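Q: I should like to learn how to read the features of a model such as the one shown below. Could we go through them in turn?

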Amino acid sequence: MIQAKGYAAQNEKTDLAPWNFERRDVGPHDVQFDIHYCGVCHSDLHQIRNDWFKGIFPMVPGHEIVGKIVKVGAHVTKFKIGDLAGTGCLVDSCRTCDNCKDGLEQYCVNGNSGTYNSLEQDKKTPTYGGYSNTIVVHEDFVLHISDKLDLAAAAPLLCAGITTYSPLRHWKVGKGHKLAVLGLGGLGHMAVKFGVAFGAEVTVLSTSPNKEADAKKLGAHKFVVTSDAAQVNSVKGYFDFILDTVSAPHDVNMYMSLLKTNGVHICVGVPPTPYEVHAFSIIGGRKSLAGSNIGGLPETQEMLDFCAQHNITSDIERIDIKNIHASYERMLKGDVRYRFVIDMSTL
């Protein structure tokens with residue numbers, strides 16, 4: 001076994017603290033890479049606190065992981081020592097169901113293995129995430145990171161990036177479409193960058209008037225303050241798509257009214273409480289309420305390659321891992337532009 005160190009929550013009521021643990025030895029098809037940076041996702045906090053479901057403790061969070069390969073298994077063909085590499089939200093899946101065969105491992109029918117707070121495919125070995133110094137992953141679930149990208153700023157692409165890229169690609173959002181991005185945070189700012197890169201007219205919908213300058217700097221064409229009734233009325237029935245990145249409770253019915261006939265409201269944020277959606281919000285315009293969850297391995301690599309070609313990364317603030325709790329508090333207040341990334345050399 002490989003000795004590893006990280007930060008873990010021992011249960012849902014304790015803070016993250018240093019913890020030593022073991023990774024498996026590198027198998028024939030595994031790679032080991034030392035973690036240089038790990039992004040901080042809102043879902044890290046949700047899972048530590050058991051907001052969505054009962055967690056597996058001790059829990060080492062982190063699924064926006066980038067670093068450099070230090071060891072490869074005897075049968076590895078996709079990577080070599082010294083390569084830059086990343087792992088996102090998944091470290092394995094059943095490989096045999098129709099979704100897995102189609103490169104949609106995020107929708108594995110038999111249950112995929114999340115990078116943390118999950119179980120390996122043996123259904124008994126806990127997975128531990130990127131708030132740590134090293135990780136061992138099957139090569140099929142490791143991604144190539146271009147050296148054209150700033151490595152720290154590339155880390156959030158593995159969750160915030162693919163979570164917004166995937167639905168925009170699936171619904172073929174592009175030139176001629178009017179796209180609204182609801183919420184300008186870690187997910188929202190990536191949605192703006194991708195929407196603009198794909199050729200759509202992008203509007204940011206936000207409760208924070210002070211984010212307008214940032215939205216325009218990111219490339220957004222318009223900005224609507226959702227607490228201003230006049231501004232909201234000006235975009236009634238205007239959008240082809242709304243990409244909803246908000247992880248706090250909010251009234252979906254009001255936003256559905258901003259869609260054109262046949263418009264689609266796509267949920268990628270995960271509030272802790274269920275949506276309350278009135279049937280009239282949907283049937284009055286043949287509108288769709290849809291959802292999307294990260295991306296499969298082929299699409300995630302496609303996204304990383306697209307980012308390398310178009311020089312797209314996340315806007316980040318690097319932090320010392322000792323400041324993780326202060327960063328969580330700032331994240332809850334929306335006080336980050338737009339993603340915290342842990343420098344793992346501070347571990």
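**Helix 4 and its surroundings**

A: We may begin with a helix in this predicted model. The buried residues of helix 4 pack against strand 10 (178–182), helix 5 (186–197), strand 13 (239–244), strand 14, helix 10 and strand 17.

Q: How many residues of helix 4 are buried, and which are they?

A: Helix 4 spans residues 160–170, and nine of its eleven residues are buried, which leaves the helix mostly covered. The buried set consists of Ala 160, Gly 161, Ile 162, Thr 163, Thr 164, Tyr 165, Ser 166, Pro 167 and Leu 168. Just after the helix, Lys 172 adopts a positive phi of about 55 degrees.

Q: Which residues have the most contacts inside the largest nonpolar core?

A: They are Val 40, Tyr 131, Leu 179, Phe 194, Ile 324 and Tyr 328, in a core of 90 residues. Helix 10 (residues 297–310) provides the largest share of this core, with six residues. Another core lies apart from it; this one has 14 residues, including Leu 205, Val 224, Val 232 and Leu 258.

Q: What is Phe 194 in contact with, leaving aside its neighbours within four places in sequence?

A: Phe 194 is in contact with Gly 161, Thr 164, Tyr 165, Leu 168, Met 303, Phe 306, Cys 307 and Ile 312. Of these, Gly 161, Thr 164, Tyr 165 and Leu 168 are among the buried residues of helix 4.

Q: How is empty space inside a model to be read, and what volume does the largest cavity have?

A: Rolling a probe the size of a water molecule over the atoms shows where empty space is left. In this structure there is one cavity of 30 Å³ or more. The largest cavity has a volume of about 80 Å³. Its lining is formed by Gly 88, Cys 89, Leu 90, Leu 143, Leu 158, Ile 162, Ile 294, Gly 295, Leu 297 and Thr 300. By type, the lining of the largest cavity comprises seven nonpolar, three polar and no charged residues.

Q: Which residues are the closest to the centre of the second largest pocket?

A: The second largest pocket has a volume of about 210 Å³. Among the 14 residues lining it, Arg 23, Arg 24, Glu 120, Thr 125 and Pro 126 are the closest to its centre. The lining of this pocket divides into seven nonpolar, three polar and four charged residues. Strand 2 (17–23) and strand 8 (134–138) each contribute at least two residues to that lining, and strand 8 gives the largest share, three residues.

Q: Why is strand 8 described as largely enclosed by the rest of the structure?

A: In a regular strand the side chains alternate between the two faces of the sheet. Strand 8 is largely enclosed because five of its five residues are buried. Thr 134, Val 136 and His 138 lie on one side, with Ile 135 and Val 137 on the other, and both faces are covered. Strand 8 pairs with strand 3 (residues 30–39) in the antiparallel sense over five bridges. Within this strand, Ile 135 is the bridge partner of Phe 33.

Q: How should backbone angles be read, and where are the cis peptide bonds at Pro 58 and Tyr 338 found?

A: Most residues other than glycine have a negative phi, and most peptide bonds are trans. The bond from Phe 57 to Pro 58 is cis, with omega near -5 degrees. Pro 58 belongs to the loop between helix 1 (42–48) and strand 4 (65–72). A cis peptide bond also joins Arg 337 and Tyr 338, where omega is about -5 degrees. Tyr 338 is located in the loop between helix 11 (324–332) and strand 17 (339–343).

Q: What is the phi of Lys 123, and what is that of Asn 262?

A: Lys 123 has a positive phi of about 65 degrees although it is not a glycine. Lys 123 sits in the loop between strand 7 (113–114) and strand 8, and its relative accessibility of 45% makes it partly exposed. For Asn 262, phi is near 70 degrees, again a positive value in a residue other than glycine. Asn 262 is part of strand 14 (residues 259–267) and is partly exposed, at a relative accessible area of 42%.

Q: Is Leu 259, also in strand 14, buried or exposed?

A: Leu 259 is buried, since its relative accessible area is 2% and buried means under 20%. Not counting residues up to four places away in sequence, Leu 259 touches Gly 237, Tyr 238, Phe 239, Asp 240, Phe 241, Ile 242, Val 264, His 265 and Lys 287.

Key. Residues are numbered from 1 along each chain as its sequence is written. Side-chain values use heavy atoms; hydrogens and water are left out. A nonpolar core is a set of buried Ala, Val, Leu, Ile, Met, Phe, Trp, Tyr and Cys residues joined through side-chain atoms within 4.5 Å. Buried means under 20% relative accessible area, exposed over 50%, partly exposed in between (1.4 Å probe, protein chains only). Helices (H or I, at least four residues) and strands (E, at least two) are DSSP runs, numbered from the N terminus. Contact means heavy atoms within 4.5 Å. On a 1 Å grid over the protein atoms alone, a cavity is a set of points where a 1.4 Å probe fits but cannot get out, and a pocket is an open set with protein on both sides within 12 Å along at least five of seven lines; lining residues have an atom within 4 Å of a point. Grid points are joined across faces, edges and corners, and a volume is the space filled by probe spheres set on the points. Ala, Val, Leu, Ile, Met, Phe, Trp, Tyr, Cys and Pro count as nonpolar, Asp, Glu, Lys and Arg as charged, and the others, Gly among them, as polar. Two strands pair if DSSP finds at least two bridges between them.
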